[in-house]
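The report below goes through selected local features under short headings. It is best read with the sequence and the coordinates at hand.

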Amino acid sequence: MAEKRRIVVTSALPYANGDIHIGHLVEYLQTDFFVRYQKLRGNECVYVCADDTHGTPVMIRARKEGVSPEELIARMHAIHLKDFTDFQISFDNYYTTNSPENREFSERFFAAMEKSGGITKKTSPQLYCEHCKMFLPDRFVKGACPKCGAENQYGDSCDRCGSTYGAEELGSPKCTTCGATPVVKDSEHLYFELEPQHAYLEKWIPGHTTSDVSNKLLEWFAEPLRGWCISRDAPYFGFEIPGHAGKFFYVWVDAPIGYLASLRNWCERNGQKFEDWWQNPAAERYHFIGKDIIRFHCLFWPGMLNVAGFEQPNKIFVHGFLTVNGEKMSKSKGTFVNARTYLDHLPPEALRYYYAAKLGGTTDDMDLNLADFVQRVNSDLVGKITNIASRSAQMLQKRLEGRLASLAGCEEELGLLDKLRKAGDAIALNYENRRFNQVVVEICRLADAANEYFDRKEPWKTVKTDAESARIALTAALNAFRVIAIYLKPILPAYAERAMKLFGETEWTWESRNASIEGAVLGPYEYLASRIDSAQVDAMIAAAAEKPAETGEVAHESRASKNKKAAAEPQAAEAPPLKAEVAFPDFEKLDLRVGVVESCEIVPKSSKLLKFVLDAGSLGKRTIFSGIRQAYPEPEKLVGREVVFVANLAPRKMSVGVSEGMILFAGEPGTCGGVVAPDSPAGGGTPVT
Ligand SMILES: [Zn+2]
Ligand SMILES: [Zn+2]
């Protein structure tokens, strides 16, 4: 028997400020498939993760909610863990970066970085808000793009023209928290110099991630590597840097160190030594990450590990983003689906199965096509795979006392099972290489073979004429299903658990596929998987449009992201496809009017809504709730402006009150555009035609 491998696996740490959504799940689910496969093989595998808790966004949100950051992160931790658990994601430790272990490791790393001579100091101008009494991270300031002049752009890059710049270059900058105009102040910061490790990293990177990722990274090595700013000014929620009062570790310093801290916490709670895992050259270490954080994991992190004398990861597995129906996830279209919103409408197994069917272990983006999702779950998981068990088990129980036959001497049946068992090697290889889509293809092929056998034997007929031959056919079909369910266990653990009970077993390992269950009486047939309906999907999308996932912003908080080549490539703004044509009489039914904004205020506890009272002239006053708050950090500035609104829309009851109409907005709030207004004053109540 092969020797047990010892494996540490991580997923990137979700930011404590945001919700877990179906985009995140692309990563957690594929990591979980990999980890569960390793455990099924009998390897010693530990899956660690944590909430990423530090940084300005958490601090600001806690301040807004009037709670301490510790209270906020404790609450979010519980919510995240519940989401993951309900999706059957099997962390061995789901910890927090705000831990004593992480503080100690962070200080140890920094001491080593200082000792190596890799820490330098530089003074640079930065935007400071006198009102909030803080330096503003890039995503906390907005203004006009210095290149193209587009308004309302963040301090690091322009959504319209794609150029990157320093926040201090913005035209008429405003603090996004309070709306005040920031001043420019000098601040001294600590940098981790990577150039001393130029040769080391250039050599290390190619063997430790996929070639597309490494080729892209290596482009930067044509020039000296830039230093990485690792400090942030107080006030900051995080760890203060020893010997540098008022300076804190940038959240991206202690986030990857959080993997080690979570592992050590797990070791201590389980009578293990950290050194036997992370520092053990015979152990394997794998990071699963998204392609947006390559720089942090494939450049800075190995640089830090190298200087601090820690083992490197064996491989960094990089995946792409999720698209829904071929488009970027969108809050307004309801495709920014919160994990919880999904679970309110659909079973976790369906998404686990579909993601597995689509994930091929590459950096390509993965599309969740909602129609295909319903179709595949119903036709393959339910109609093809589960069908073998449900019709065989139910027939055996109803007609043949639930007792399985012996297959001794049944050549055809043994041949079928042998074929299924032999397919295990190819499936194993695909699991190991994270080609989960190939695992699913192979499993469906085996299910086809089992169904073909079942249909050919026609046990529903022979049960009336030759009960024992029907019993043999059902026994063979059920054992075929059993092998398939074992192969599916890493993808569908709860499903496999229910299937296992049917056979009266208590544990399945990869080797269990070689056993055959014969002569025994089946356990009760529990429902294994149910069909899903497009109405459930529609309801989920409608709920998500109402309440999209809150997205944390940590990946964009960097003020050190100005490495030209590291910057995001300009994204051509893609207009959504045209809706179906409407007849002119339908258009005429809409009554659009001008309203003068009488008051406009923030709705407490809502990050999206603004409450408008419009003066619509002879139509009277209208109260309208509009989800455009992100476009107007200072809503009172809209008072006196004219806007266009739908005046004959049926009043809509919302949790915050009744909305009597809809204000027209061009663009995506917080990204571009603004309210639609007449070119010159028209007066409240004026029809728009
Ligand atoms: Zn621009
Ligand atoms: Zn401010």
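## Residues with positive phi

Asn325 has a relative accessibility of 42% and therefore counts as partly exposed, since that class lies between the 20% limit for buried and the 50% limit for exposed residues. The model is a predicted one, and in it the phi angle of Asn325 is near 50°, a positive value in a residue that is not glycine. Asn325 is placed in the loop between strand S15 (322-324) and strand S16 (327-328).

Glu401 is another non-glycine residue with positive phi, here about 55°. Its place is in the loop between helix H12 (370-399) and helix H13 (411-422), and with a relative accessible area of 57% Glu401 is exposed, because the class begins over 50%.

## A cis peptide bond

The peptide bond that leads from Ala234 to Pro235 is cis, and its omega is near -5°. Pro235 belongs to the loop between strand S11 (231-233) and strand S12 (247-249).

## The zinc ion (ligand 1)

Four cysteine sulfurs coordinate the zinc ion (ligand 1), namely the SG atoms of Cys145, Cys148, Cys158 and Cys161, at 2.3 to 2.4 Å. The angles among these four donor atoms run from 106 to 112°, and the site of the zinc ion (ligand 1) is tetrahedral. For comparison, the ideal angle for four tetrahedral donors is 109.5 degrees.

Along the sequence, the donor residues of the zinc ion (ligand 1) follow the spacing C-x2-C-x9-C-x2-C. Cys145, in the loop between strand S6 (141-144) and strand S7 (153-154), and Cys161, in the loop between S7 and strand S8 (171-175), are 16 residues apart, and the pair links distant parts of the chain. Cys145 counts as buried at 4% relative accessibility, whereas Cys161, with a relative accessible area of 29%, is partly exposed.

## The zinc ion (ligand 2)

The zinc ion (ligand 2) has as its protein donors the SG atoms of Cys129, Cys132, Cys175 and Cys178, which lie 2.2 to 2.3 Å from it. The four donor atoms subtend angles of 101 to 115° around the zinc ion (ligand 2), and the arrangement is therefore tetrahedral, because every angle falls between the limits of 85 and 135 degrees.

The donor residues of the zinc ion (ligand 2) are spaced C-x2-C-x42-C-x2-C in sequence. Cys129 lies in strand S4 (residues 119-129) and Cys178 in the loop between S8 and strand S9 (183-192), so this pair ties together parts that are 49 residues apart in sequence. Cys129 is buried, at 1% relative accessibility, while Cys178 is partly exposed, with a relative accessible area of 24%.

## Cysteines and disulfides

How many disulfides does the structure hold? The count is zero. Cys229 is in no disulfide, and the nearest cysteine sulfur, which belongs to Cys175, is 19 Å away, so the pair does not meet the requirement that the two sulfur atoms lie within 2.5 Å. Cys298 is likewise in no disulfide, with the nearest cysteine sulfur, that of Cys49, 17 Å away. Cys229 is buried, with a relative accessible area of 1%, and Cys298 also counts as buried, at 1% relative accessibility.

## Helix packing

Helix H7 (residues 251-269) and helix H9 (residues 294-308) have axes that come within 11 Å and cross at roughly 75°, which means that H7 is roughly perpendicular to H9. On the H7 side the contact is made by Trp252, Val253, Pro256, Ile257, Tyr259 and Leu260, and on the H9 side by Phe296, His297, Trp301, Met304 and Leu305.

Helix H1 (residues 22-40) and helix H11 (residues 348-358) pack with their axes 10 Å apart, at an angle of about 80°, so that H1 is roughly perpendicular to H11. In this contact Ile22, Leu25, Val26, Leu29, Asp32, Phe33 and Arg36 of H1 meet Leu351, Arg352, Tyr355 and Ala356 of H11.

## Surroundings of Glu65

Glu65 is part of helix H2 (residues 56-65) and, with a relative accessible area of 34%, is partly exposed. Leaving aside residues up to four places away in sequence, Glu65 touches Leu72 and Arg75. From C-alpha to C-alpha, Glu65 and Pro604 are 9.8 Å apart in space, although 539 residues separate the two in sequence.

Terms used:
Residues are numbered from 1 along each chain as its sequence is written. Chains are lettered from A and ligands numbered from 1 in the order in which they are written. This is a predicted model: local features need pLDDT of at least 70, side-chain atom pairs count only at pLDDT 80 or more; totals for chains, interfaces and linings use all residues. Side-chain values use heavy atoms; hydrogens and water are left out. Buried means under 20% relative accessible area, exposed over 50%, partly exposed in between (1.4 Å probe, protein chains only). Donors are N, O and S atoms within 2.8 Å of the metal (3.2 Å for Na, K and Ca); water is not among the atoms, so sites may look incomplete. Four donors count as tetrahedral if all angles lie between 85 and 135 degrees; four count as square planar and six as octahedral if opposite donors are over 155 degrees apart and all others between 65 and 115; anything else is irregular. Helices (H or I, at least four residues) and strands (E, at least two) are DSSP runs, numbered from the N terminus. Axes are lines fitted to C-alpha atoms, for helices over the stretch in contact, and angles run from 0 to 180 degrees between N-to-C directions. Angles under 35 degrees count as roughly parallel, over 145 as roughly antiparallel, 65 to 115 as roughly perpendicular and the rest as oblique. Contact means heavy atoms within 4.5 Å.
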